[in-house]
Structure formats: C-alpha cells, structure tokens
Amino acid sequence: MTLDLFLQHLSNGISLGSLYALIAIGYTMVYGILRLINFAHGDIFMMATYFAFFGIATFQIPWFITFPLVLVLTAALGMGVEAVAYRPLRDAPKISLLISAIGASFFLENLTIVLFGGVPKPFPAPKLFTDVVQVGTVAIQKLTFYIPVVTILALLGLGYLINRTKTGMAMRAVSMDYETAQVMGININRTIAFTFGLGSLLAAVGGIMWGMKFPQIQPLMGVIPGLKCFIAAVIGGIGNIAGAVIGGFILGIGEIMLVAFLPNLTGYRDAFAFVLLILILMSKPTGILGEKTAEKV
Amino acid sequence: MSLLKIQDVTMNFGGLTALRNFHLELAPGEIVGLIGPNGAGKTTVFNIITGVYEPTHGRVFFLEREITGLRPDLITKAGIARTFQNIRLFKGLSVLENVLVANHLHLKANYLAAVFKLPGYRREERRMREKALALLERVGLLELRDEQAGALPYGLQRRLEIARALATEPKLLLLDEPAAGMNPKEAADLTAFIKAIQAEFGLTVFLIEHHMDVVMNISERIYVLDYGMTIASGKPAEVQNNQRVIEAYLGVNEDAED
Amino acid sequence: MENKTRNWILTTVAVLLLVGFLYFADNYLDLYIVRILNVCAIYAILGMSMNLVNGFTGLFSLGHAGFMAVGAYTTALLTMPPAVKKQIYYLAPLMKPLDQINLAFPLALFVAGLLAAVVGGLIAAPVLRLKGDYLAIATLGFAEIIRVVFTNTQSITNGALGLKGIPALTNLWWSFGTAAFTLVVLRSLINSSYGRALKAIREDEIAAESMGINLAKHKTLSFVIGAFFAGVGGGLLGNLLGTIDPKMFSSMFTFNILLIVVLGGMGSLTGSIISAFIVTIANEVLRFLDESINLGFVVIQGKVGMRSVVFSALLMFVVLFYRHGLMGETEFSWDRLLASKICRRTRALFRKNLQQRGVDR
C-alpha cells in the first residue's frame, strides 16, 4: 500500500470517525442523565437528513438557510420524542423505558416509510462540499476535510456550553446526582429536554454531513449507524463526552482500516463494531474513560 | 479453633480507604457486636466476609479454610448467611417462596429432574417445603406464608430476612442493623429472638447495630470501628468506658458525620 | 380439593376442544387461515421462550432473532432434499456433508434447538456478566453478528440469497404440539426450585447470590433454555414460510417478539400465548392499512408501512399506559376465570333466564 493510499484511507477514517463521534455524544449525554439507551437517536439522525432533503430538493431553499433550519427542527424532534416517550416513564422500571425507546425508534422509522416512501432518495449535496481536490496521486472530496473541522468546531461549542454556562452546569449536576440536583432547585425536566435537544442537534450536524458523504438517504439508514455510535459511546466510557469522541474515532478509523487492509473481511464490516464492543465489555466494562462504580449493598 | 478469622484486611475504593488493617476472630457459639459511627466501614466488613467485595489486602478464613475473594454463593454454601442493612427481600415473591429460595442451595437434583418432576426431585421439594414451613412456624410467620414479602410490615420483613438467612443452614449469621427503625419494645423482642435462635440453631452471631441497648445486652464481645480502623474491642463494659470510643461517638475535635 | 378435580376436568375438556378444532381447521379451513394459526402458535413459542429470559429471570436480552436464525437455517438445511439444495446453491456449492443430509422433521427441529442452545451457551459465558442496558446491547450485537456471519458464509447458508424451497413440513399438529410442549416444560421449570431461583435473581441479584444461588449457572440455564425454544420456533417458522434469508432475522423480529412478551405480561407464560394470538391476528386484520380498500363508492388508499406505524404506536401505548400487560405476572387459571366479573355476571344471567322460563335449577 502506498503512502498516498494510506493517507486517503486515514482521512476517510477520520471523517467517518468524526460523524460517529457527533452521533455518539447524543447517546452518551442522554445515558449520563437518564441511564437510558435512546434507541430513537439513530432515527433522529435519519430524520435530519430528510429535513435537509426536503429543504434543498423539494422547497429549493438555499443550503445556508436549510442547514440551520434542519438543526432547529431536529432538536425540536428530539425534545418531542423525550416528552412523549420518556417523560411519562420517569418513575417506571427501567425495562419499560427501554421498551418505550425501542417503540419510539420503530415508530419514527415506519412513519418515515409511510410519509416519504421506502425507496432511497438522492441527497442534494451542495457542489461546494462535494468538489474533488487532487492530493498527490489521489482525489479526495473537499468534504472529507470539512467534516473533521466542523466536528471540532461543534465540540468546542459543546465544551463551552457544558463547562461555562449555567445550563451546562445544570446538565452536569443532573447527570451526577439526579435527586440532589432536584433538591437544589434545578428544573429536571427542562434540563433533560435541553440535553435531548442538544444531542439531537449534534446528530443533525452529523446527519447533514453524512448525507453529503453517503448521498443516499432511506428510512432505515439510522439503524446501523445508531447502534454503532452507541457502541462508540460504550467503548469510550458511557456518560463521558470525551470518551464518546474517542470511541467514535476508534470505530470509524478501525472500520475503514479493516476494509482497507483485510479486503476479504469487507462483508463483516458491520460486525466489526459489535466484536469490538464485546471485547471491550469483557475487558473493561466501563469503557476507556469510564470510572468503576461499586454497587452499594 | 476459630470459626472466622480476618487477618489484616484493608479495603480501598479508589482513593478512599474504607477499612484499614482489620483483624477479627470469632469463636464458635459467640455473639459479637460491631459498632461505630456511620461510614466507619462496618458494612464493608460484612461485604468482605460474604465475598461481595474482594479486599485490597489481607485474608479471610472460615473454619480454617481461606475464603478471601470467593464468590458470595460459595461462601454462603460454606456456612455464612447474612441480612442486609436496607432489607433485600425478594419483594415480588411470597413469604414461603423467599424461604424456599434460600433452601435451593441444598438441592441435589439437576434442572432436568426438576422440569420432569422425577421422584428424587419430588422428594427433595417435599422436604424443602416441610423445612421451610417449620422455620416459618418457628419465627411466627406461618400464617403469612402466602403474602407477598414486599407487602409485610417493616418489622416482619426484618424477621423474614433472618428466617431466610437461617434457611441456608449457616454456622455463622451476620446481621446488619437488625433493630434499625424499631422502638425499644420491638428491639427488646428482637434481642430475645436472636438469643433464642442462636442457642437453638447452634449459631455464631456477628451483628452490626446502632441500638446500644441491643448491642450491649446481647454481645459477649464488641469491636468498635472508626474511619476504617479498629479503635477498641473487648467486653461491652470495657468498650463502653473506653475514652477513644466515647470520643468517636461524641466527635471530639472532629466534624460530625452525616 | 373439589376445585382440583373440576379444574382437571375443565383442562381436559379444553384440550379436547382444541384438538377437535385443530382437526377441523386442518381439514376444512382455508390455507390462509391455517397459516395464520401456525404463525400464532410459533409466536407463542417464541414469546414464551423470551419471557423465560426477560420476564422470569430479569435479563434484558435482545438476541432472540439470532437464535431463531440458527434454528431456522438448521432445520431447513436438515430437511431440504439434496436436489433442491443443489439447485439453489449456485454461487458456491453447499458444504459437505450438509448437501446430502436429510433428517426427519422432529429430529431436525430437535437438532435446531440444540444448536441454538449451544450458540446460546457460548454467548452466555461472556455476555451474562453484563447487566441491564449493557446486556441488551451486547445480546443485540451478538444477534447482528450471527446475521452478518450468515450473510457471508455462502457455502453453508447460501449468503444473502437465502434458502428457497424449504419443504412445508410445519403443520398445525407440529406447531400447536410444540407450543403445548413448550408451555408444559417452561411452566414446570418456573414452578420448580430452579424457577424460584430465577425469579429471585430477577427480584434482587445481590440477595439471590447471598442466598447461595450461583448467578452464572442459573442465568446461563435460563438463557440456554430460552435459546433452545427460540431455535425450535425458528425451525418451525422456516419450514412454514418455505423461504428464509438473513434479512428476516434482524432486530426488528426480536422487537416484535418483545411486543408480544410485554403485551402479555413480563412473567406470564399464558399471557405470552394470549398476546401471541392477539398480535398475530391483529397483524393480519390491520393488513388493510397497507392495502387499498374498495368500499364500492370510494377507494381508500392504503399506505405501505402504515401497519407497522400502528404497531409501534401500540408498543409504546402498552408500556406508557398499560405497563403490566394483559396478565401482569399471573398465570391463567380456571379459578380466576370462574371468579372473574364477566363470568359471574354470565352465570347470574343464565340462572335468571332459567328461572324465568320456570325451569328448576
């Protein structure tokens, strides 16, 4: 393998890893607060690509207006899912919550099939992003470079929000100790809703870029990336945002390299994440950055 | 011969040392108390004996056999049973079922014999039931055998938890704050009850308790923990007059604990 | 003890009636209805086996579709005639000696169950150390891995092409017979000392362990038995449908079974049976949502996928407002049925009727 080719794979891996990271953050934040796998998160990501599709292709709205709109709509959708499917179950046993999450995911997928049809649609990526540049002997889409940049910007914004603002402090407090936070006068429901909104917004950022990178969208497109990103979050240490980012990159780069170096195993690409997950859970169940917590007896 | 021997046990949780260089020896047939302010590491001692935690350092022997780091179920099989500080009954199961579950460890028939109700299993199941009912009668819960365990009043839940522990046929019984939340009358009843079963079942009893009346009255010896260290041990009267114990409880030169 | 005799008679009568109905259905009802009845019974098997793991042992496992796939492929490969196998494996020939093997259906089902149980046992060792969500996602992951492996092992499973022309050996006798067997075995297990240990684990793992219950052993037991019946159910399903492919056994399938378990009541075998029938039949009745209906004067356009939307909404509705399902943790019993309001009212009405007509008692 030439150096050029390797660099091409690496840049692909990094941009895929960035996308995984953006989606994984949503899982990890929600898990941090509710101890819940938000199974619908992958579908919220999918919906974001449809919003973008309708904005640009159907309503002919320019991309620089469409994209912010998509972020807002997706955040609202995430908060809506929380209000309908999770909020009524705050005191219910965990298994009910998980089943509700599965139901919500299932519902969004099927609703998309009914409303928009099951046939894949071409994602109308603005030419600005899909242009190709020549690097050495290989051609790489500009997008491949934009994705990590956008991701880093989004992460910086997130870091500021969580560490420097009052809302961010409330989020951290709630995820550390739900009940105490409530006693301290933090509005739990609003904080949780905000967390869902924020996670969904990042998923939307990921979704738009995903749509441009893999320009075919369909109702079930969120299922596998959703599962993988949850896995990324677990690998990094669930509840830990930096962990989710690390997990996302490990998964993205690992997946691309697997296919690049062991082309025989291309068919097993989707199994890679799960094998990695099981290996991690066996060796360090709390993930790379997770802390061990002893159960109180 | 000692029944239980804890040798120089230390337990760290991250940066926190819950228990430091702890030594203990129990002789068969004793009733021994373990006291100390909240957060002193008392329950940690129980969790180490029963295998819930593996100590960072040190060893535990039961009947001269090392049990350090053994799985909890194997330790129970070896003859140590316990109750929990925050009652942990099988709430959705009936009173009788709670006791029957504790009999399961003696079952010899395998699951196929159980599923196809082979004669050997039937015989064992019948004997288990008889034993469980006899035990419930002994502790005065026979009438309530079909009630849901979670629906019992608090005091009876405590009693059921002891019955359930007895059903495993232990040699050593660990009671974690058995009198918690009881009024003096109930606590006195409990003291009598513990003494009675101790004699009847030939048990050694090791108990954590905050009710001083109960501990002082029931224990032949007492260990006192503070900040994970043993600060005193001996006869109740000796411990009661120990200066360090008094300080630990009154919190001289220390901020009061929660 | 009088009740015991009465219940025994009622059960016998009910079983005889069911056998009579199956005979009638087998001979006189049209194939479409027979097929639905078969599906009902198979879903009942799958529901009960999932309930053992999730409802009775409290392990949130989402790997059911994987075990079903193992069972379906095993039974199919063991029962398909060699000639058919030769025909459909055109990308890569079927591995020896599978290409020549041809077993009797019950034997094939049993092997399918065993193989699923073995896979379950292998997975159990690493996975059952996990709890809650981690367990859920790891089991889901294993099911996905099984599916990916099946898509790629061309010379065993025929890859993405799937298997066609699986002999239609599943009939009402096999499906209902197996369902009855599953019920009897699982009920007996649950009411045994082992079943109590499983329920104790569900109620409080730490307390169960401190009562001397070996957690790993008992969880594995539940998991492996659950996998066995999932494998058998998968086998029955494959030989009913005639075609299987890896796509069929995605996590969607697991969620469908989960709906049955939750609707019926986590921790109620008879609940799972009742809800398997309700869900399967409702699924057929709701078929109109996907198709256009011609009411003569107006044609209502159906929408493909509408049925699934209604279904997922139903799943959420059940957990949100009806958490304990139809039966909660209780089982069907004649005593309860006869003591129920509807039954008492019917009897009262009946008696009144008799009196009015002047018939004495």
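The following questions and answers walk through a predicted model, its chain contacts, its helices and one of its sheets.

Biologist: How are residues and chains labelled, and which pLDDT values are needed?
Modeller: Residues are numbered from 1 along each chain as its sequence is written, while chains are lettered from A and ligands numbered from 1 in the order in which they are written. Because this is a predicted model, totals for chains, interfaces and linings use all residues, but side-chain atom pairs count only at pLDDT 80 or more, and local features need pLDDT of at least 70.

Biologist: Which helix gives the most to the side of chain A that touches chain C?
Modeller: Taking two residues to be in contact if their C-beta atoms, placed from the backbone, lie within 7 Å, 35 residues of chain A are in contact with 32 residues of chain C. Helices and strands here are DSSP runs numbered from the N terminus (H or I of at least four residues for helices, E of at least two for strands), and helix H4 (94-116), helix H10 (223-236) and helix H12 (269-283) of chain A each supply at least two residues of that side. With 15 residues, the one that gives the most is H4(A).

Biologist: How do the residues of the side of chain A that touches chain C divide?
Modeller: In this division Ala, Val, Leu, Ile, Met, Phe, Trp, Tyr, Cys and Pro count as nonpolar, Asp, Glu, Lys and Arg as charged, and the others, Gly among them, as polar. On that basis the side of chain A that touches chain C has 27 nonpolar, six polar and two charged residues.

Biologist: Is A:Ile113 buried or exposed?
Modeller: The place of A:Ile113 is in helix H4 of chain A, and, leaving aside residues up to four places away in sequence, A:Ile113 touches A:Gly118, A:Pro219 and C:Gly305. A residue is buried if 20 or more other C-beta atoms, placed from the backbone, lie within 10 Å of its own, exposed if 12 or fewer, and partly exposed in between. Because A:Ile113 has 20 C-beta neighbours inside 10 Å, A:Ile113 counts as buried.

Biologist: Which helix gives the most to the side of chain C that touches chain B?
Modeller: Here 22 residues of chain C are in contact with 27 residues of chain B, and the residues on the chain C side divide into 10 nonpolar, six polar and six charged. Helix H8 (172-191), helix H9 (193-203) and helix H10 (205-210) of chain C each supply at least two residues of that side. With seven residues, the one that gives the most is H9(C).

Biologist: How does H6(A) run relative to H9(A)?
Modeller: Helix H6 (residues 142-164) and helix H9 (residues 188-213) of chain A pack with their axes 11 Å apart and at an angle of about 180°, where axes are lines fitted to C-alpha atoms, for helices over the stretch in contact, and angles run from 0 to 180 degrees between N-to-C directions. Angles under 35 degrees count as roughly parallel, over 145 as roughly antiparallel, 65 to 115 as roughly perpendicular and the rest as oblique. The angle therefore makes H6(A) and H9(A) roughly antiparallel.

Biologist: Which strands of chain B stand at the edges of the sheet?
Modeller: Six strands of chain B form an open sheet with mixed pairing, in the order S6-S7-S8-S3-S9-S10, where two strands pair if DSSP finds at least two bridges between them. Two strands have a single partner strand each, so one side of each is left without a neighbour in the sheet, and these are strand S6 (80-82) and strand S10 (229-234).

Biologist: In S8(B), which residue is the bridge partner of B:Leu173?
Modeller: S6(B) and S7(B) pair in the parallel sense over three bridges, and B:Ile80 stands opposite B:Leu172 in S7(B). S7(B) and S8(B) also run parallel and are joined by five bridges. Within S8(B), the bridge partner of B:Leu173 is B:Val205.

Biologist: How many residues of S7(B) are buried?
Modeller: On one side of S7(B), B:Leu172, B:Leu174 and B:Asp176 are buried, and on the other side B:Leu173 and B:Leu175 are buried, so that both faces are covered. Of the five residues of S7(B), the number buried is five.
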